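Visitor: Please take a close look at a single part of this protein and describe it at length. After that, say how the rest of the chain is laid out.

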Amino acid sequence: MIINEYRVINNCTEKEYQVAQLYATAMASKNSTGGGEGVEVVKNEPYEKPGEKGQYTYKIYRLESRVPAIVRSLAPAGSLELHEEAWNAYPYCKTVLTNRWMKKDFSIVYETLHVDGSRGELENALKISDEDLKRRNVQIIDIAHDHIETKDYKQDQDPKLFKSEKTGRGPLTDPLWQQKCEPVMTCYKLVYIEFKWFGLQGKVESLIANSIKNLFTNFHRQLFCWTDKWFGLTIEDIRKMEEETKRELDEKRNAGSVPP
């Protein structure tokens, strides 16, 4: 098992990020759906349990073309679906990804805490055990200056080039922007990755960890560069948009071609 903690510093408030994240998630789902692959939203509803309430979502990701080739070569056709359950009790969230074919041999579990005014300095934001702390690897993600794969780069999603007309934020050209920007908040994302196939565990877990870092980096680059699209929206606006997005995803998933 790999335990990684990704700290993503953002040029927004924790309250703004709640809307920004939901907006960007809906847009990213649209961009990765089509040609038989993509995201199916099975459930999106409020939940409540003792001491906690929020929004529960259950999604199925059919993204076979994006799975590491080494896994595709070994898994039978139709087995590469990821089932995601998420409990969003913002500012705390928990997400569990599983695969029904691999069952207990594969899981990705991540917990996230969103902290207003933080610049990534909290050493145990999610209060994990001493044992897990010893195994944890911390990576601070710089959305403006970290390496981006050529295939993932889009000029209109480059924080070094974007300036928000609504807020005046950006461009994030200063190498020290994370220490200087206002407002600021940090997403502390603790990720547990487990892939129990003998002889492949270490290699595949490392591939998954690298993919997750790329995912978080690209997602938050988009989130920042879409500031003028989500700024000013309310949670009610987002819930309406999610309903529209669900209908659109159902249509797109069964039409067109697989997104690049």
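Guide: A strand, labelled E, is a DSSP run of at least two residues, while a helix is a run of H or I with at least four, and the numbering goes from the N terminus. The model is predicted. By that count, the protein has seven helices and eight strands.

The part chosen here is the second largest pocket. The space in this pocket is about 160 Å³. Its lining is made up of Lys15, Glu16, Gln18, Val19, Trp230, Phe231, Gly232, Leu233, Thr234 and Ile235. Sorted by class, the lining residues are five nonpolar, three polar and two charged. Helix H1 contributes the most to the lining, namely four residues.

H1 is the place to start. This helix covers residues 14-31, which is 18 residues. From the first C-alpha of H1 to the last is 25 Å, close to the 26 Å expected at 1.5 Å a residue. Many positions along H1 are covered: Glu16, Tyr17, Val19, Ala20, Gln21, Leu22, Tyr23, Ala24, Ala26, Met27, Ser29 and Lys30 are buried. An α-helix has 3.6 residues a turn, so residues three or four places apart point the same way. Among the buried positions of H1 are Glu16, Val19, Ala20 and Tyr23, and these residues return below as partners of Trp230.

Glu16 belongs to H1 and also helps to line the pocket. Glu16 counts as buried because its relative accessibility is 17%, and the cut-off for buried is under 20%. Beyond its neighbours within four places in sequence, Glu16 has contacts with Arg169, Pro183, Trp230 and Phe231. Of these partners, Trp230 and Phe231 are also in the pocket lining.

Trp230 comes from another stretch of the chain, helix H6, which runs over residues 227-230. Its relative accessibility is 2%, so Trp230 counts as buried. The C-alpha atoms of Trp230 and Ala20 are 5.7 Å apart, although 210 residues separate the two along the chain. Apart from neighbours within four places in sequence, the contacts of Trp230 are Cys12, Glu16, Val19, Ala20, Tyr23, Arg169 and Leu223. Arg169 is thus a partner of Trp230 and also of Glu16.

Pro183, the other partner of Glu16, leads to the backbone. This proline is in the loop between H4 and E8, and the peptide bond reaching it from Glu182 is cis, with omega near -10°. Another cis bond, again with omega near -10°, joins Gly170 to Pro171. Pro171 is in the loop between strand E7 (136-141) and helix H4 (177-180).

Past E8 comes Lys196, in the loop between that strand (185-195) and helix H5 (201-225). Lys196 counts as partly exposed because its relative accessibility is 37%. Lys104, Asp105 and Gln201 touch Lys196, with residues up to four places away left out. Between the C-alpha atoms of Lys196 and Ser107 there are 9.3 Å, and 89 residues along the chain.

Lys103 is in the loop between strand E5 (92-98) and strand E6 (106-116). Its phi is near 55°, a positive value in a residue other than glycine. At 62% relative accessibility, Lys103 counts as exposed. Lys127, in the loop between E6 and helix H3 (130-135), likewise has a positive phi, about 55°, without being a glycine. Lys127 counts as exposed because its relative accessibility is 70%.

Among the strands, E3 (residues 52-62) holds Tyr61. Tyr61 has 17% relative accessibility and therefore counts as buried. Its C-alpha is 5.6 Å from that of Glu81, which is 20 residues away along the chain. Its contacts, apart from neighbours within four places in sequence, are Gly38, Val39, Leu80, Glu81, Leu82, Glu84 and Leu97.

Some totals cover the protein as a whole. It has 260 residues, and 48% of them count as buried. The accessible surface is about 13400 Å², with 52% of it belonging to carbon and sulfur atoms. Of the contacts between residues at least 6 apart in sequence, 72% join residues at least 24 apart. The contact of Trp230 with Glu16 is an example of a link between distant parts of the chain.

Definitions and conventions
Residues are numbered from 1 along each chain as its sequence is written. This is a predicted model: local features need pLDDT of at least 70, side-chain atom pairs count only at pLDDT 80 or more; totals for chains, interfaces and linings use all residues. Side-chain values use heavy atoms; hydrogens and water are left out. The expected span of a helix is 1.5 Å times one less than its number of residues. Buried means under 20% relative accessible area, exposed over 50%, partly exposed in between (1.4 Å probe, protein chains only). On a 1 Å grid over the protein atoms alone, a cavity is a set of points where a 1.4 Å probe fits but cannot get out, and a pocket is an open set with protein on both sides within 12 Å along at least five of seven lines; lining residues have an atom within 4 Å of a point. Grid points are joined across faces, edges and corners, and a volume is the space filled by probe spheres set on the points. Ala, Val, Leu, Ile, Met, Phe, Trp, Tyr, Cys and Pro count as nonpolar, Asp, Glu, Lys and Arg as charged, and the others, Gly among them, as polar. Contact means heavy atoms within 4.5 Å. Accessible areas come from the Shrake-Rupley method with a 1.4 Å probe; for residues, only the protein chains shown count as cover.
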